[in-house]
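Please walk through this structure with me, beginning with its charged pairs and then widening the view to the rest of the chain.

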Amino acid sequence: MKKIILFLFACLLTSGVILAQNAVQKSKDKPKSAISTTKKPVQQKAAVSSKSSGVPLKADGTPDRRYKQTKTNGPLKKDGTKDMRYKVNKK
């Protein structure tokens with residue numbers, strides 16, 4: 001029984017290696033003209049001025065959390081909303 005299980009395992013391992021090599025070989029056979037080498041242009045977000053909202057912003061336009069105006073009072077949930085289980089957030 002032990003020999004049969006080892007034989008089946010060896011066959012499974014060998015077939016997996018053979019199939020993996022064939023998949024790599026097929027991708028190499030494609031002509032180079034079919035492969036897309038163009039890069040998409042990077043679009044930058046419009047910067048929101050900090051003067052209009054009164055909140056200091058980082059270079060990427062998100063609020064800078066180091067300043068008191070942008071900090072929240074209590075703990076937050078994973079989605080960023082206030083966790084209402086805490087007394088600080090129930091005000």
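A salt bridge, in the sense used here, is a side-chain nitrogen of Lys or Arg within 4 Å of a carboxyl oxygen of Asp or Glu. In this predicted model, a search of the whole structure by that criterion finds 2 salt bridges. One of them links the side chains of Asp-64 and Arg-66, with an N to O distance of 2.7 Å, and the other is formed by Asp-83 with Arg-85, whose closest N and O atoms are 2.7 Å apart. Side chains of opposite charge can pair when their charged atoms come close.

The pair formed by Asp-64 and Arg-66 can be taken up in detail. Asp-64 is found in the segment after H2, and because buried means under 20% relative accessible area, Asp-64 counts as buried with its value of 7%. Arg-66, by contrast, counts as exposed because its relative accessibility is 65%, where the cut-off for that class is over 50%. The side chains of Asp-64 and Arg-66 also make a polar contact, again at 2.7 Å. As for the surroundings of the acidic residue, and leaving aside residues up to four places away in sequence, Asp-64 touches Pro-56, Leu-57, Lys-58 and Thr-70.

The pair formed by Asp-83 and Arg-85 can be read in a similar order. Asp-83 lies in the segment after helix H2, which spans residues 50-53, and Asp-83 is classed as buried because its relative accessible area is 7%. Its partner in the salt bridge, Arg-85, is classed as exposed because its relative accessibility is 68%. A polar contact of 2.7 Å likewise joins the side chains of Asp-83 and Arg-85. When residues up to four places away in sequence are not counted, the residues that Asp-83 touches are Pro-75, Leu-76, Lys-77 and Asn-89.

Lys-77, which is one of the residues touched by Asp-83, can be followed a step further. Lys-77 also has its place in the segment after H2, and its relative accessibility of 43% is the reason why Lys-77 counts as partly exposed, a class that covers the range between the buried and exposed limits. With residues up to four places away in sequence again left out, Lys-77 touches Lys-82 and Asp-83.

Another position in the segment after H2 is that of Gly-54, which counts as partly exposed because its relative accessibility is 46%. Gly-54 and Gln-69 are separated by 15 residues in sequence, while their C-alpha atoms lie 8.5 Å apart in space.

At the other end of the numbering is helix H1, made up of residues 2-28, in which Phe-7 lies. Phe-7 counts as exposed because its relative accessibility is 54%. Together with Ile-4 and Leu-8, Phe-7 forms a nonpolar patch on the surface, and the three residues have about 330 Å² of accessible area together.

What do the totals for the chain add to these local descriptions? The chain has 2 helices and 0 strands, and buried residues make up 5% of its 91 residues. The accessible surface of the chain comes to about 9200 Å², and 60% of that surface belongs to carbon and sulfur atoms. Among contacts between residues at least 6 apart in sequence, 0% join residues that are at least 24 apart. Set against these totals, Asp-64 at 7% relative accessibility is buried, and so is Asp-83, also with a relative accessible area of 7%, each being an acidic residue in a salt bridge with an arginine, namely Arg-66 for Asp-64 and Arg-85 for Asp-83.

Note on methods
Residues numbered from 1 in each chain as written. Predicted model: local features only at pLDDT ≥ 70, side-chain atom pairs only at ≥ 80, totals over all residues. Heavy atoms only, no water. Patch = residues over 30% accessible without salt bridge, like charges linked within 9 Å, V, L, I, M, F, W, Y side chains within 5 Å. Areas by Shrake-Rupley, 256 points an atom, 1.4 Å probe, with all protein chains shown as cover. Helix = DSSP H or I, 4+ residues; strand = E, 2+ residues; numbered from the N terminus. Buried < 20%, exposed > 50% of the residue type's maximum accessible area, 1.4 Å probe, protein only. Polar contact = N/O pair within 3.5 Å; in protein donor to acceptor, adjacent residues only side chain to side chain. Contact = heavy atoms within 4.5 Å.
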